[in-house]
Amino acid sequence: MNQSSYDDSDKRFDLRWYEKLLEISPVGIFFTDAEGHCLHVNQRWCEIAGMNHDQALGRGWVQAIAKADYDRVAHEWYEAARNNQPFHSEYRFCTPDGQITWVVGDARAIHQEDGSIAGYIGTITDIHRAKLDRIALKQHTERIRTIIEQMPVLLFAFDEQGCLSAWNAEAERVTGYSAQDMIGNPQAMEWLCPDPGYRRQMHDNYKRLGDDYLNWEWHLTAKDGTTRIVAFSNIAGRHPIDGWANWGVGVDVTSFRRTEQALGERVKELTCLYKLSMLSSQHNLNLEDFLGEAVELLPPSWQYPEITCARIVYQDKIFATDDFTSTPWKLSSQLHVRGLQVGLIEVYYREEKPELAEGPFLMEERLLIDEIALQISRTINHVLGRQDLALLDELSARAGELEKFSHSVSHDLRTPLTAIGGYAQILEKQIQKNNLAEAKNSAEKIQKITVRMEHRLSELLKLAKIGKIIEPSEKIDLGALISDVLEMFENRLQAEDISVRVDSDFPWVIGDRIRLMEVFENLLENAIKYIGKSPKTIAIGYTLKGIEKVFYVEDNGIGIAPEHSEDIFQIFWRLDKSSPGDGTGLAITKRIIEAHGGRIWVESEGPGQGARFCFTLGHVLEA
């Protein structure tokens, strides 16, 4: 075989290889002439385009390009040919049955020996799956970016140089700084935290916490100079992102914290008003004790309790907290009772604070102090009203007592006066008859009745003065006082063979010693007077009824019928008209007991059953 035949055989061998490669190629291959008419397509091109070889020849191949992409592809093909550049483009093939396939097309010109274009050879590669994945990824990325930009939390990220590399719309809204202002700006943190000390503190905390912390609250300074509180969480340690040295999210809690603070202030104010109301509702409220306790409720109710002091001025008295100091920073409100200003309430800050609604004070604190002043004014008015009612009750009781007293006086003095008048008439007649012996007798009777009347008037005057003649109170050993009284009655008790039993450990009391001795003298005198048959006994002691100490003097005498249990304390009233005495002892005893803030009563099961006279005192100390 000569050389020429060998070369022809080798060329045919190479052509067969290329033809086979053309058919088994995984990409579509096409050939066109210089005008773009298709000369040949391989089997893979037909599979992608959804048409056979003959349908693709000539201008038939352009039917495979999706109409939406045709104009763009034609323009790009033309521009590549005009500029003698390779053609490259992504577009869609649409099969006759409507199936879409994304492809990437590449083409190169084939030149003849004279440099003119003989045609084009190119490929199409099925990128449908990768294209859809890229589109889906792009859409997903866009959704994520939209979510990040629009989500109601701040997103921040720092690069390796410590500059911000992410700053979303919420971060812009909260701080007033745009992403353009912040991203890549080495001064961004100085803008957000202009206080160097606070900035160092944040940096130290970050070094301690690292890239894994939750709800760390930062106080950021916004562009307009206001302070915003943001609770940041950094999860970069658990969820790292390429390009971000660390990142996290934050929630603007400024409004929440301010609401929380305001709610705390309202709780303090309500607590103050509640405690003040509880103080006001105490039984038998003492006004000075009330005002002394009320002033202590004020400092804890103000915004800065640690520097707050207060005082309440009522008439000529001042009730102040222990640390009270008068300063220029004051809030006050007046007390009005019965249409008159009777005092005021003052609250002071001992240190200067920023200006708020009224000096350094909140608007709500003005409302609070006015409400406190109103409550205290009402309480004072209530106490004064109660005192007026008590005085009225006392006056009514005194009027009733005076009426009874007047009735008793008129009744008990009428008889001796009538007797005196009668004897005076008789005396006149006896003198006219010069019957001096009988006249002397009548004069003696008049004198005797007059002495008795004088004694009664003295007792009446004494009774009327009880309560006015009580000496200043003193601390009294009641056991010792009873011993002194029994010592005075010792001879009489022995003479009448009366035994007396006395309790031990009597308590101490506050009162008038002379008058309390008179109480026990009268009760002991009464017991001796009405003592029963042998064995004659008298008991003096005390007992507890609940928390009240009840003192008593008990005898085994004639007893008292229930219907007379009140009568015996009336002036000049006597159970036994034949017994000695004028009926003033128990009446005087009752007035002395009441003047000491107590009450007296009698207990008896009836005639012949003895009697127990019981009484209480207003100020009893421990035994």
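Reader: How many residues lie between E4 and E5 in their hairpin, and which residue in the turn has a positive phi?

Author: This is a predicted model. A hairpin can be read from its two strands and the turn that links them. Here 5 residues lie between E4 and E5, and Gly-115 in the turn has a positive phi of about 95°. The two strands run antiparallel and are joined by 9 bridges, with E5 covering residues 117-126. One of the pairs sets His-111 against its bridge partner Ile-117 in E5.

Reader: Which residue takes a positive phi in the hairpin of E3 and E4?

Author: Gly-98 does, with phi near 90°, and this hairpin has 5 residues between the strands. Strand E3 spans residues 87-94 and strand E4 spans residues 100-111; their pairing is antiparallel, over 8 bridges. Within it, Phe-93 stands opposite Thr-101 in E4.

Reader: What is the strand order in the open sheet of 5 strands?

Author: Strand order is read across the sheet, and it can depart from order along the chain. In this sheet the order is E16-E18-E19-E21-E20, and the pairing is mixed. Strand E16 (498-502) and strand E20 (600-603) are the edge strands, since each pairs on one side only. On average, neighbouring strands of the sheet are turned by 20° against each other, direction ignored.

Reader: In which sense do E19 and E21 pair, parallel or antiparallel?

Author: Antiparallel: strand E19 (residues 548-555) pairs with strand E21 (residues 611-615) over 5 bridges. To place this pairing in the structure, start from Glu-554, whose bridge partner in E21 is Arg-612.

Technical notes:
Residues are numbered from 1 along each chain as its sequence is written. This is a predicted model: local features need pLDDT of at least 70, side-chain atom pairs count only at pLDDT 80 or more; totals for chains, interfaces and linings use all residues. Side-chain values use heavy atoms; hydrogens and water are left out. Two strands pair if DSSP finds at least two bridges between them. Helices (H or I, at least four residues) and strands (E, at least two) are DSSP runs, numbered from the N terminus. Axes are lines fitted to C-alpha atoms, for helices over the stretch in contact, and angles run from 0 to 180 degrees between N-to-C directions.
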